[in-house]
Amino acid sequence: MSTATSAKQAAGVAAAALVEDGMQLGLGTGTTVVFFLEALAERIRQEGISVSGIPTSKDTAARAKELGIKVISLEDSMDLDLVVDGADEVDLEFRLIKGGGGALLREKIVAACASRVVIIVGEGKMVDKLGTTFLLPIEVVPFGVRATRAKVEGAGCQAFLRTMEDGEPFATDNGNLVLDCKFRYGIDDPAEMHQTLSQIPGVVEVGIFLNLCHTVIEGCADGNSITHQRD
Ligand code: 5RP
């Protein structure tokens, strides 16, 4: 296993240890979350704990079911005890960039229903300034995407339509498109940028997550993890 993968696994395992019997969970999306799901499934098997989870993507739903984790929806419950999700960048104030896997809309809806959100990351995701190591994903409706993209770029970035390997546009689980936005010097004021971008017609969700993260578990290559707690 590579050191990057070991770090992700360490974070996933540490997050699974936070789960308590009877909890209703939000299940994030991404490669780090897969390690959390595997460790959680192991605890269900070994300790007999009973939990249910709301997945934030079709991929996560499929993986959770394969692993024997009970999957429910927000129609069943909208009060979650704990959400565990990944992130593409985390700054010093626990503001996040998310959406590398294209699940930002469902991830934000689910995170907003939780009393506690734990973000699990491997190495290199903690940054001084958002937008410096990762492009900001924005989910937009397909209708009028050219016009939406021009307006997004008017906010001070270069916006690239996300495509798949075959060159076709990437579609989210909601049937929308993703613009990946490059800010030359990063995002100076994430709250202001979130506000500006959210007001553009055609923008469904912005991958800046504000005030939604309570704890960050940073995995290390040696299999340990560091827990950062917001005051
Ligand atoms: C998906 C996400 C992911 O949580 C984020 O991209 C991190 O993924 P990974 O754990 O694979 O690095 O926001 O929309």
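**Salt bridges and sheet architecture in the predicted model**

Both Glu 205 and Lys 108 are buried in this predicted model. The two residues form a salt bridge, in which the closest N and O atoms are 2.9 Å apart. This pair connects distant parts of the chain, with Glu 205 in strand S11 (residues 203-206) and Lys 108 in helix H4 (residues 104-111), 97 residues apart.

A further salt bridge joins Lys 129 to Asp 188, with 2.7 Å between the closest N and O atoms. Here too, distant parts of the chain are linked. Lys 129 belongs to the loop between strand S7 (117-121) and strand S8 (136-140), whereas Asp 188 belongs to the loop between strand S10 (177-182) and helix H6 (190-198), and the two residues are 59 residues apart. Lys 129 counts as partly exposed, at 26% relative accessibility. Asp 188 has a relative accessible area of 68% and is therefore exposed, the cut-off for this class being over 50%.

Salt bridges with shared partners also join Glu 38, Arg 63 and Glu 66 into one network. Glu 93 pairs with Arg 95 in another salt bridge, and the closest N and O atoms of that pair are 3.4 Å apart. Because its relative accessible area is 53%, Glu 93 is classed as exposed. In total, the count comes to eleven salt bridges. Side chains of opposite charge can pair when their charged atoms come close.

The strands were examined next. Seven strands form an open sheet in the order S3-S2-S1-S4-S7-S13-S14, and their pairing is mixed. The edges are occupied by strand S3 (70-71) and strand S14 (225-229); each has a single partner strand, so one side of each is left without a neighbour in the sheet. Within the sheet, strand S1 (residues 24-27) pairs with strand S4 (residues 82-85) in the parallel sense, over three bridges. Leu 25 has Leu 82 in S4 as its bridge partner. Strands of a sheet pair through backbone hydrogen bonds, either parallel or antiparallel.

Two helices lie across strands of this sheet. Helix H1 (residues 3-16) lies across S4, S7, strand S13 (215-219) and S14, and runs at about 140° to S13. Helix H4, which contains Lys 108 of the buried salt bridge, lies across S1, strand S2 (52-55), S4 and S7. The angle between H4 and S4 is about 155°. S4 and S7 are thus among the strands crossed by H1 and also among those crossed by H4.

Definitions and conventions
Residues numbered from 1 in each chain as written. Predicted model: local features only at pLDDT ≥ 70, side-chain atom pairs only at ≥ 80, totals over all residues. Heavy atoms only, no water. Salt bridge = Lys/Arg side-chain N within 4 Å of Asp/Glu carboxyl O. Buried < 20%, exposed > 50% of the residue type's maximum accessible area, 1.4 Å probe, protein only. Helix = DSSP H or I, 4+ residues; strand = E, 2+ residues; numbered from the N terminus. Pairing = 2+ DSSP bridges. Contact = heavy atoms within 4.5 Å. Axes fitted to C-alpha atoms, helices over the stretch in contact; angles between N-to-C directions.
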